[in-house]
Amino acid sequence: MEPKSEGEDRPWQSYHTAYTNAKAGMEGVDKEKVHKVIYEMSKGSKYFENEQRKEAFIKQKIENLRQQRAKLTDKDIAHFQKIAEKKIVQLEASRDLTKTWLHTDMDAFYAAVEILDNPSLKGKPLAVGGMSMICTASYEARKFGVRAAMPGFIARKLCPDLIFVPTNFDKYTHFSELTRKVFCRYDPNFIASSLDEAYLNVTEVCSERHLSGEEVATELRSAIYDETGLTCSVGVAPNRMLAKVCSDINKPNGQFILPNDRGAVMIFVSSLPIRKIGGIGKVTEHMLRDVLGITTCEDMLKNSALLCALLSDLSSDFFLSVGLGLGGTHTPEHRMRKSISCERTFASTSDTTLLFQKLADIAENLSSDMQKENLWGKNLTLKLKTSSFEVRTRAVSLQKYISSKEEILTHASKLLKAELPLSLRLMGLRMSQFRDEDKHSPVDPTQKTLSEFILSGSSLFKAYETQDMPSENSGDFLLLEDKNLCELDAAREKEHRCITSEPESSCKREELGDSNIANDTYEASLGNANGEIRWINDYICSECGIELPYGFDEERREHADYHLAQFLQQEEKAHVAQDKVYHKMLHRSLSSRKKQKASSPGGKFIPIDAFFTKGKKNM
DNA sequence: GGGGGCGAACTCG
DNA sequence: TTCCACGAGTTCGCCCCC
């Protein structure tokens with residue numbers, strides 16, 4: 001690790017956003033040149049400024065951790081050394097070398113599919129994606145430093161002849177399905193971690209057919225090529241963590257086999273850079289390197305006492321297991337979706353009407369996705385990205401499970417309203433805490449149908465391999481226990497008493513002010529337009545059937561906003577003047593209760609080093 | 001003190 | 001010319017309530 005000058009003559013070297021992890025096919029790239037281009041194209045932008053802020057914050061956290069380390073006495077170190085040794089013995093006892101895991105990774109998958117579809121692209125630098133972001137780059141493009149997750153305009157600067165092809169998930173899904181049919185022949189319970197990656201437990205195949213892991217890998221790669229015309233790379237190892245690392249070694253169109261032998265594993269791991277491990281990203285790498293001098297997996301064991309002294313139990317266990325070359329060896333029985341979300345980036349705007357319209361679109365998308373899977377959620381999270389790239393999330397736990405766009409928008413609007421005024425470039429909604437009965441439907445990625453994948457528009461069911469801990473918490477993947485129905489009923493009863501889970505203040509009459517009058521005026525203003533709401537039996541919305549009891553004036557008004565927004569959109573389409581209604585809404589919006597969160601944008605600091613901070617209970 | 005809710009960060013493809 | 005995505009998972013700290 002050469003000490004890098006961050007002087008004024010080479011300012012780009014301090015910009016760590018790009019190239020912290022070399023991708024396959026980028027070995028010959030002039031990294032300094034690429035880094036400089038990215039720096040030049042980024043500097044001065046709001047994105048760049050935000051990255052600088054984030055980096056400064058990480059530096060501060062590294063410094064804090066260094067100080068914590070400096071405070072440790074010899075006695076402390078000796079104490080934690082004992083703890084570390086005990087942990088290592090326990091981890092070592094969990095080592096399982098009886099399984100053979102195979103990780104397959106399609107080579108530049110999206111790009112390869114596009115080339116297959118249009119052979120004239122072969123041999124040319126190709127990027128799948130658009131100007132804002134590219135998903136995959138062909139190996140020819142990677143030679144120029146172009147890579148996935150790079151904005152298109154920077155990629156074009158690096159490679160002026162770069163050909164852009166828009167993403168077409170239908171195509172990728174089709175080819176993904178073909179590969180999965182092959183996987184099934186080797187492991188019917190294979191774990192798909194994305195459209196182009198999968199883990200296969202080939203222990204049984206090896207034993208039944210008297211084949212080595214290497215032979216299975218060769219055969220499988222050949223079968224994939226025959227079925228799809230695409231190449232893939234394969235890693236074979238005793239566990240998933242190592243198999244994943246191995247599949248990257250001889251990429252593209254290659255394989256690497258790590259024998260099921262403790263000695264071989266330990267040698268393999270000894271010089272393995274920590275960044276190659278799934279779960280260790282840019283920040284973790286910096287932390288471990290700058291605070292503890294850890295750069296290889298072997299260093300994890302050498303610094304085991306410090307890891308235990310400075311980090312949480314969970315973190316130190318993970319890092320020690322990495323040092324021992326341990327990883328997941330069991331196939332989780334069931335995996336189910338934990339959340340579903342939808343987010344959209346748009347041109348920065350502070351136009352309230354526009355923001356609420358976009359929120360309505362997102363709510364509609366999310367609701368539609370939820371209904372396709374019959375999901376009902378109880379936890380709603382609003383994600384905001386300001387024009388300066390600051391990300392905020394605001395969540396609310398609801399008293400009942402919801403799924404309709406009206407209900408989602410009602411609660412989402414409330415969350416958004418509390419944050420305004422604000423200039424935003426992204427909004428997103430996420431639902432989680434699903435109803436138990438929905439959790440019983442299997443959502444194993446391997447069982448997801450083609451149409452579901454196409455409809456969802458993305459690789460929804462990634463089996464995120466968490467830390468691939470040897471002591472797998474299978475409970476993470478198992479069906480959760482049924483909740484008592486009475487509990488649900490009680491919750492619904494509570495819901496009728498107070499429609500939100502916010503502090504009771506939101507139900508106070510005083511805060512409703514002249515809402516009744518405003519409400520009347522507002523609804524009257526709609527006249528006989530489509531946005532008009534009547535409350536059937538005094539609590540059921542005539543438009544959509546949502547139930548809002550009398551007295552929940554604010555909620556009713558917000559709900560009416562939704563229908564009004566719908567109406568406005570229709571009006572807009574028909575080129576009808578909407579100023580009058582808009583001003584009514586704006587007036588109401590301004591006069592409505594303004595909820596200010598205690599955490600101001602700049603006042604609340606984020607525990608970036610959470611991963612490294614030792615919890616009190618561990619001290 | 002434990003558990004749940006919330007907000008944020010990190011990671012992956 | 002264009003100017004840094006999206007969806008999903010996890011952990012952690014803090015706060016509040018029981």
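**Exercise 1. Describe the open sheet that contains strand S2, and state which strands stand at its edges.**

Step 1. Three strands form this open sheet in the order S3-S2-S4, and their pairing is mixed. Helices (H or I, at least four residues) and strands (E, at least two) are DSSP runs, numbered from the N terminus. Two strands pair if DSSP finds at least two bridges between them. The model is predicted: local features need pLDDT of at least 70, side-chain atom pairs count only at pLDDT 80 or more, and totals for chains, interfaces and linings use all residues. Residues are numbered from 1 along each chain as its sequence is written, chains are lettered from A and ligands numbered from 1 in the order in which they are written, and side-chain values use heavy atoms, with hydrogens and water left out.

Step 2. The edges are held by strand S3 (134-137) and strand S4 (163-165); each has a single partner strand, so one side of each is left without a neighbour in the sheet.

Step 3. Direction ignored, neighbouring strands of this sheet are turned by 30 degrees against each other on average. Axes are lines fitted to C-alpha atoms, for helices over the stretch in contact, and angles run from 0 to 180 degrees between N-to-C directions.

Step 4. Strand S2 (residues 126-129) and S4 run parallel and are joined by three bridges. Within this pair, Val-128 has Val-165 of S4 as its bridge partner.

Step 5. Helix H4 (residues 109-117) packs on the sheet and touches S2, S3 and S4. The direction of H4 makes about 110 degrees with that of S2. Contact means heavy atoms within 4.5 Å.

**Exercise 2. Determine the strand order of the sheet that contains strand S12, and explain how S12 is placed in the structure.**

Step 1. This open sheet of four strands has the order S9-S12-S10-S11, with antiparallel pairing. S9 and strand S11 (391-402) are the edge strands, each pairing on one side only. From one strand to the next, the twist averages 15 degrees.

Step 2. Strand S9 (residues 339-349) pairs with S12 over eight bridges in the antiparallel sense; here Thr-349 is matched with Leu-424 of S12.

Step 3. Strand S10 (residues 377-386) also pairs with S12 in the antiparallel sense, over nine bridges. Among the bridge partners are Asn-379 with Ser-432 of S12, and Leu-382 with Leu-429 of S12.

Step 4. In strand S12 (residues 424-434), eight of the 11 residues are buried, so the strand is largely enclosed by the rest of the structure. Buried means under 20% relative accessible area, exposed over 50%, and partly exposed in between (1.4 Å probe, protein chains only).

**Exercise 3. Analyse the packing of helix H2 against helix H12.**

Step 1. The axes of helix H2 (residues 46-71) and helix H12 (residues 282-292) come within 10 Å and cross at roughly 35 degrees. The crossing is right-handed; a crossing is left-handed if the near helix is turned anticlockwise from the far one by less than a right angle, and right-handed if clockwise.

Step 2. Residues of H2 in the contact include Ile-58, Ile-62 and Leu-65, and those of H12 include Val-283, His-286 and Met-287. The contact residues divide into seven nonpolar, one polar and six charged. Ala, Val, Leu, Ile, Met, Phe, Trp, Tyr, Cys and Pro count as nonpolar, Asp, Glu, Lys and Arg as charged, and the others, Gly among them, as polar.

Step 3. His-286 of H12 counts as buried, at 12% relative accessibility. His-286 and Ile-62 are 224 residues apart in sequence, yet 8.3 Å apart in space, C-alpha to C-alpha.

**Exercise 4. Explain how helix H15 is enclosed, and identify what follows it.**

Step 1. Eight of the 11 residues of helix H15 (residues 313-323) are buried, so the helix is largely enclosed by the rest of the structure. Among these buried residues are Phe-318, Phe-319 and Leu-320.

Step 2. The buried residues of H15 pack against helix H3 (74-93), helix H10 (240-247), helix H11 (262-270), H12, H13 and H14.

Step 3. Gly-325 follows H15 and has a positive phi, near 70 degrees.

**Exercise 5. State how many disulfides the structure holds, and examine Cys-206.**

Step 1. The structure holds zero disulfides, a disulfide being a pair of cysteine sulfur atoms within 2.5 Å.

Step 2. For Cys-206, the nearest cysteine sulfur is that of Cys-246, 14 Å away. Cys-206 is buried, with a relative accessible area of 11%.
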